[in-house]
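Work through the exercises below with the sequence and coordinates open. Try each task before reading its solution.

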Amino acid sequence: MSFDPVHLFKLRLAVARFGEMDGAGWWNTHGILGSAGRSALSRGFPASHYFAQARVACAVAAVRCSSVFAPPGCLTLWNLPARIEDELASRWPRWSQTPDVWRPFFEDLAPRCGGDLINHLRDLQLIGPATEDALKALRRSAEGKAVALPGMGKPSQSTLMLLAAAFAKGEKHKPAVPYIRSEE
C-alpha cells in the first residue's frame with residue numbers, strides 16, 4: 001500500500017475543518033467538526049459522534065469540491081481510486097469503535113477553523129518540510145478554481161500531502177481544488 005489510510009483520513013479531516021463556514025467558508029458546514037458539531041451529534045451518537053461528524057464534513061467537502069472543479073482522469077483529495085476509497089470505508093467501522101484512540105485528534109482539530117492551513121497541517125503533524133517546499137512552486141489556475149500539481153501521479157503519501165496542502169492556495173469563500181493527472 002503506497003498510502004497510510006489513517007494519515008489520509010486525518011488530512012481530509014484537517015482540510016474539511018479548515019474549509020467550514022466558520023473557517024475559510026469553502027463549503028456549507030458550520031463547525032460540524034468543531035464543538036458545535038460535537039454537541040449536536042453526541043446526543044444521537046454518544047460513542048461514535050466523531051465519525052458522524054467526519055462523515056458529514058467529508059461528504060459536504062467532496063461534493064463542494066466536485067462542483068467547483070472535477071477534472072476527468074485526475075486525482076483530488078476527495079476523488080481517489082476506488083481501491084483507496086474501499087480501504088478507507090473498510091476501516092471506518094473499526095475506527096468508530098475506538099473513539100478514545102481518536103479523541104485527542106478530534107479535540108485538537110475542533111478549534112482549527114481559522115488562520116493558516118499550512119500551520120494547522122504542520123501542527124497536526126500531517127505534512128513536513130518537503131511538502132511545504134513543493135507547495136511554493138504551485139499556483140492557482142487562471143480562473144482561480146484549481147491548483148495543478150506537476151506531471152502525473154499516483155496516490156502516494158507525498159502526493160496526498162500535497163493535495164491537502166495545496167488547498168492553502170484558495171481564498172476565503174473561494175476554494176481552489178488541487179489535482180494531479182492520474183497515472184492509473
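**Exercise 1. Locate His173 and classify its exposure and backbone.**

Step 1. His173 sits in the loop between helix H8 (157-165) and strand E3 (177-182). Helices (H or I, at least four residues) and strands (E, at least two) are DSSP runs, numbered from the N terminus. The model is predicted: local features need pLDDT of at least 70, side-chain atom pairs count only at pLDDT 80 or more, and totals for chains, interfaces and linings use all residues. Residues are numbered from 1 along each chain as its sequence is written, and side-chain values use heavy atoms, with hydrogens and water left out.

Step 2. His173 has a relative accessible area of 45%, so it is partly exposed. The classes are buried (under 20% relative accessible area), exposed (over 50%) and partly exposed (in between), with a 1.4 Å probe and protein chains only.

Step 3. Phi of His173 is near 65°, a positive value in a residue other than glycine. Most residues other than glycine have a negative phi.

**Exercise 2. Do the same for Gln125.**

Step 1. Gln125 belongs to the loop between helix H6 (117-123) and helix H7 (129-136).

Step 2. Its relative accessibility is 71%, so Gln125 counts as exposed.

Step 3. Gln125 is not a glycine, yet its phi is positive, about 60°.

**Exercise 3. Which residues of H7 are buried, and what do they pack against?**

Step 1. Thr131, Glu132 and Leu135 are the buried residues of H7.

Step 2. Seen down the axis of H7, these residues fall within an arc of 100°, so they line one face of the helix. The arc is that of the directions from the helix axis to the C-beta atoms. An α-helix has 3.6 residues a turn, so residues three or four places apart point the same way.

Step 3. The buried residues of H7 pack against H6 and H8. Contact here means heavy atoms within 4.5 Å.

Step 4. Pro129, Ala130 and Lys136 are exposed on the other side of H7.

**Exercise 4. Establish how enclosed H8 is.**

Step 1. In H8, seven of the nine residues are buried. They are Thr159, Leu160, Met161, Leu162, Leu163, Ala164 and Ala165.

Step 2. H8 is therefore largely enclosed by the rest of the structure.

Step 3. The cover over the buried residues of H8 includes H1, strand E1 (74-75), H6, H7, strand E2 (146-153) and E3.

**Exercise 5. Find the polar partners of Arg17.**

Step 1. Arg17 is in helix H1 (residues 5-18). Its relative accessibility is 3%, so Arg17 counts as buried.

Step 2. The Arg17 side chain makes polar contacts with the side chains of Glu20 (3.0 Å) and Asp22 (3.0 Å). A polar contact is a pair of N or O atoms within 3.5 Å; within protein, one must be able to donate a hydrogen and the other to accept it, and residues adjacent in sequence count only if both atoms are side-chain atoms.

Step 3. Not counting residues up to four places away in sequence, Arg17 touches Asp22, Gly31, Leu33, Gly34, Leu109, Ala110, Arg112 and Cys113.

**Exercise 6. Describe the surroundings of Trp102.**

Step 1. Trp102 lies in helix H5 (residues 99-109). With a relative accessible area of 5%, Trp102 is buried.

Step 2. Leaving aside neighbours within four places in sequence, Trp102 is in contact with Val6, Phe9, Lys10, Phe51 and Trp95.

Step 3. The C-alpha atoms of Trp102 and Ala148 are separated by 32 Å, with the two residues 46 apart along the chain.
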